[in-house]
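Please open the model in your viewer, with the secondary structure drawn as a cartoon and the ligands as sticks. The stops below go from strand to strand and then to the ligands.

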Amino acid sequence: MLVVTCIKQVPDTTQVKVDPITGTLIREGVPFIINPFDTYALEESLRLKEKYGFHVAVISMGPPNTEVTLRKALSLGADEVILLSDRAFGGADTLATSMVLAEAIKKLGQKEEVAIVICGRQTIDGDTAQVGPGIATRLGYSQLTLVDRIENVDLKAKKIRVRRRLEGRHEIVETTLPAMIAVLREINRPRYPKVPMRLFAQDAPVTLWNNKVMGLREDTIGLKGSATQVRKIFSPQRERGEIIGDGSKNPQVAARLLIDRLKEKNLLSL
Amino acid sequence: MELNQSLIIIVFVTAIALFIWSCYRRFRLVLLGRPENRFKDTGKRIRDVLYYAFGQRCTVSHGYFFGLNHLVLFWSFMILLIANTEFMLHGLFPYVSLSRLPPGVYHALLFLFDVASVLALLAICIAIIRRLAFPPSYIEAQSRDAFIILGLIAFLMVAFFGLHASEIANSGEEARYMPVSNFAASVFFSHIPVDNLSGYINAFWWIHAIVLLSFLNYLPYSKHMHILAAIPNLFFRSLTKVNTQKREDFKKGNTFGVGQIDQFTWKDLFDSYSCTECGRCSDNCPATNTGKLLNPRLVIHDIKVNVLKNGHLIDKKKEAILPLIGGGREGSIADQVLWACTTCGACMEVCPVFIEHVPKIVDMRRNMVEMNARVPDELLALFENFEQRSNPWGIIPAERIKWAAQADVKPFEVGMTEYLFFTGCFGAFDARSRKVTVAISRILNAAGISWGILGKDELCCGDSLRRLGNEFVFDRMVRENIKLFNEKGIKKIITMCPHCYNTLKNDYRQYGMELEVIHHTALVNDLIKAGKLKLNSAKYSGNVIFHDSCYLGRYNEIYEAPREVIASVTGQRPSEMEHCFDRSFCCGAGGGRMWMEESEGKRINVARVEEAMKKEPGMICVCCPYCMTMFEDGLKGMKADNRVLVLDIAEIVANVLI
Ligand code: SF4
Ligand code: SF4
């Protein structure tokens with residue numbers, strides 16, 4: 001039985017700036033990292049492996065240098081890593097991305113039955129949280145999002161029970177396998193890689209599946225298969241703040257001034 | 001003398017064979033350790049043994065009164081070693097005897113033996129009284145083992161006097177060259193009929209023999225194994241300061257760090273056999289003194305117990321029964337103990353037999369981190385930050401240059417700039433430390449030095465990673481830094497942090513990188529002495545104290561430079577705290593402790609600040625960003641931060657630059 005974890009390599013967005021003139025992202029010199037949310041997905045799949053004896057396959061779609069991130073997954077204990085990389089996959093939105101990932105999972109399923117697909121809740125560069133649900137829809141799996149705990153997996157009855165964290169409440173949900181779950185950062189604390197595993201991962205095989213292997217119709221993948229396109233990227237203009245008050249150090253005076261101003265702008269009603 | 005020669009031979013040969021066999025069984029286990037060359041420079045090693053062992057330098061110094069007692073005992077022991085060797089040889093081969101020497105020499109020797117015996121007896125009595133009346137801080141001092149050993153030695157001395165006194169009485173002549181035995185003869189044996197005396201001689205001879213042989217055979221099994229191992233351990237001591245850890249070879253199939261005794265080097269294991277259990281290391285350990293579970297004496301003791309429990313099994317390729325790391329039992333060391341060490345080196349500084357505690361502790365941390373990924377939660381984020389952004393906070397590297405806005409700074413230029421000013425992560429990112437960085441840049445400019453910085457390209461030196469046992473990532477960082485230094489042709493580096501200083505200087509050397517590294521205190525002192533800085537030496541009237549950083553003082557023996565700088569600026573040498581110079585007390589931040597919680601016991605920085613406050617200082621001078629943080633935090637905790645200034649050496653100088 002297989003757990004498939006989907007991960008993405010993203011630019012370290014805290015270091016990305018928007019070029020104010022061209023309106024494009026300045027990616028030069030920005031390091032790539034594993035999407036932080038996906039580290040929790042990976043950790044959870046490794047815990048499932050330890051607890052229930054699953055195999056863990058990790059898949060990622062991206063440029064060839066995504067290999068680095070996949071090796072990291074190997075060093076943490078993934079059994080198999082697959083890089084989905086082809087020029088034809090490039091420029092994909094969430095629709096086209098979930099297409100490729102779902103097909104890859106199907107392909108993995110031909111060798112070994114897939115029980116669970118785990119994704120992070122969203123990526124830090126796209127922030128859509130759509131790819132996980134997209135995969136589930138295409139594969140016809142049940143989907144459980146916002147999961148902060150896996151309560152139980154019953155392999156005989158083919159059931160999984162999880163806890164979802166919603167606004168102000170928790171929900172315990174059970175569904176049949178196979179299922180896709182998208183996890184929150186609260187679900188676990190990712191482990192640190194052991195050195196012997198890192199050394200092993202340095203030159204362990206990373207399987208490459210390009211479109212020759214996948215054989216997908218060109219109009220369903222990449223830019224052509226995308227329903228949406230990014231037209232413009234820009235930093236929002238922020239209005240300059242204004243200095244109120246006269247620099248008085250007396251906190252009571254300052255507080256009074258602030259309250260008056262807030263009332264004036266209808267931001268405070270007393 | 002009517003002694004049954006064959007009985008003597010049987011008893012002696014059996015006892016000596018037993019002794020040799022016991023020693024072989026125990027000491028063979030040391031060879032389970034990994035190889036390490038400790039033979040180089042034999043001449044110096046021998047000189048050192050003479051200096052340290054026979055001078056008992058380390059036991060006596062450091063203000064330990066009972067060390068003097070040990071000196072007496074040690075020397076009496078050495079003299080009586082001759083006497084007892086002769087005793088045994090004479091027993092086996094009656095024609096071997098010191099009495100064949102010219103009478104003058106023989107009598108002189110007997111005189112020495114006599115005096116040594118009485119001194120030894122006295123020293124033993126003092127040791128017993130001390131253990132009963134003023135027991136040292138640790139509990140085993142009162143153990144049965146200690147009393148057995150002391151008792152056996154005392155008994156041996158009594159038998160010695162009994163034997164010689166009865167012989168003197170039997171000879172019917174005074175023996176002035178043996179004053180004590182002679183006195184005993186006149187008091188105890190003068191009224192005994194001559195015919196009975198040979199019976200006494202015989203009895204005392206046998207008592208002496210049996211006590212001596214029992215002592216010999218008890219030794220390898222007792223806690224006083226150090227009597228056998230300590231002197232050889234002095235011979236094998238590290239000839240350089242122990243201020244670095246060894247490199248690891250990151251090849252597949254290797255194990256990393258030490259999780260089982262056979263992964264230590266043989267010298268590490270031998271160290272554990274040599275421990276005298278004197279407790280000086282723990283007396284000086286900041287962790288032990290603030291109520292942490294860590295006690296360096298016990299770490300060494302646990303290693304020894306583990307060798308003795310597991311050694312024979314490991315030797316037979318069987319599974320060890322007692323885990324080295326984990327704790328809960330004698331012979332196993334808890335994770336928490338290993339994480340509590342600040343690597344301050346106080347333990348190594350005072351150990352009379354030069355045991356090297358810190359490398360062992362770091363080796364065991366390596367096992368936890370590298371082989372088992374078993375690290376405290378707070379370190380997980382730290383390690384990620386170092387790996388991804390090369391600084392402990394995970395701040396984006398572009399911010400490394402921010403401080404430069406407040407100073408007149410140039411980038412380091414290949415072939416043009418002489419000195420690289422390596423600010424270090426604290427100097428670049430930490431708001432308080434940036435003021436020190438700026439102060440240093442002002443001094444460098446005032447002295448007209450050719451210097452530059454790497455700005456956002458500077459990387460962490462890796463100190464915390466190495467001390468925390470994350471050698472794998474440290475190794476990668478060193479390689480990156482060295483690549484950068486080589487590309488830029490950097491040969492001379494000024495650091496503001498003693499940790500960067502020690503790492504670049506002593507750790508990087510292992511990678512063949514010989515850099516000229518200067519800590520700013522030394523540089524500033526040189527500049528002042530050379531008259532390159534014009535100072536407006538307004539006398540400072542308040543009380544200034546100086547805190548020695550472990551990595552500058554103990555690790556690199558820089559004690560005078562900061563004091564001289566203070567004297568040049570304030571017109572007076574700083575006053576000293578109780579713990580100063582090589583006995584300084586850590587601020588609590590070294591060894592990666594800066595980044596960890598300190599919930600066990602009292603906070604080390606609080607203890608140190610309390611000690612400082614006893615001197616009622618107006619200003620505390622430091623020379624390390626960690627110490628700065630720890631002192632300021634401690635003072636805030638005591639609500640004394642408005643009364644006492646904490647300043648770096650560079651700041652006090654920059655403040656009076658003309
Ligand atoms: S290095 Fe310092 S903290 Fe660590 S055991 Fe030795 S004395 Fe204690
Ligand atoms: S390690 Fe050294 S200082 Fe500590 S108890 Fe043993 S001999 Fe004494």
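In what sense do strand β3 and strand β4 of chain B pair, and over how many bridges? Select residues 492-495 and 516-519 of chain B in this predicted model: strand β3 and strand β4 pair there in the parallel sense, over four bridges. Two opposed positions can be labelled along the pair, since I493(B) stands opposite V517(B) in β4(B), and T495(B) stands opposite H519(B) in β4(B). If you now add residues 498-507, you have helix α22 of chain B, which together with β3(B) and β4(B) makes a right-handed β-α-β unit.

Next, widen the selection to the sheet that holds this pair. The sheet is open and has four strands, in the order β2-β1-β3-β4 (chain B), with parallel pairing. At its edges stand β2 (451-452) and β4 of chain B, each with a single partner strand, so one side of each is left without a neighbour in the sheet. Inside the sheet, select strand β1, residues 419-422 of chain B, which runs parallel to β3(B) and is joined to it by four bridges. Here Y419(B) stands opposite K492(B) in β3(B), while the bridge partner of F421(B), also in β3(B), is I494(B).

Staying in chain B, move on to another open sheet, which has three strands in the order β5-β6-β7, again with parallel pairing. Which strands stand at its edges? They are β5 (544-546) and β7 (645-648) of chain B, and each has a single partner strand, so one side of each is left without a neighbour in the sheet. From one strand to the next, the twist averages 25°. To examine one of the pairings, select β5(B) with strand β6, residues 619-622 of chain B, where three bridges hold the parallel pair and I545(B) stands opposite I620(B) in β6(B).

For antiparallel pairing, turn to chain A and select residues 159-166 and 169-176, which are strand β10 and strand β11, paired over eight bridges. The two strands form a hairpin with two residues between them, and in the turn G168(A) has a positive phi of about 75°. Beside the turn, L166(A) stands opposite R169(A) in β11(A).

Return to chain B for the ligands, beginning with ligand 1, which takes up the space of the second largest cavity. Among the residues that surround ligand 1 are C285(B), C341(B), C344(B) and C347(B), together with P286(B), L294(B), P296(B) and V358(B). The run from C341(B) through T342(B), T343(B), C344(B), G345(B) and A346(B) to C347(B) also belongs to these surroundings. By class, this shell has nine nonpolar and three polar residues, and no charged ones.

The last stop is ligand 2. How many residues surround ligand 2, and which are the closest? There are 13, and the closest are C275(B), C278(B), G279(B), C281(B) and C351(B). The shell around ligand 2 divides into seven nonpolar, three polar and three charged residues, whereas the shell around ligand 1 has no charged residues.

Methods: Residues are numbered from 1 along each chain as its sequence is written. Chains are lettered from A and ligands numbered from 1 in the order in which they are written. This is a predicted model: local features need pLDDT of at least 70, side-chain atom pairs count only at pLDDT 80 or more; totals for chains, interfaces and linings use all residues. Side-chain values use heavy atoms; hydrogens and water are left out. A residue is near a molecule or strand if one of its heavy atoms lies within 4 Å of it. On a 1 Å grid over the protein atoms alone, a cavity is a set of points where a 1.4 Å probe fits but cannot get out, and a pocket is an open set with protein on both sides within 12 Å along at least five of seven lines; lining residues have an atom within 4 Å of a point. A molecule sits in a cavity or pocket if more than half of its atoms lie within 2 Å of its grid points. Ala, Val, Leu, Ile, Met, Phe, Trp, Tyr, Cys and Pro count as nonpolar, Asp, Glu, Lys and Arg as charged, and the others, Gly among them, as polar. Two strands pair if DSSP finds at least two bridges between them. A crossover is right-handed if, with the strands pointing away from the viewer, the path from the first strand over the helix to the second runs clockwise. Axes are lines fitted to C-alpha atoms, for helices over the stretch in contact, and angles run from 0 to 180 degrees between N-to-C directions.
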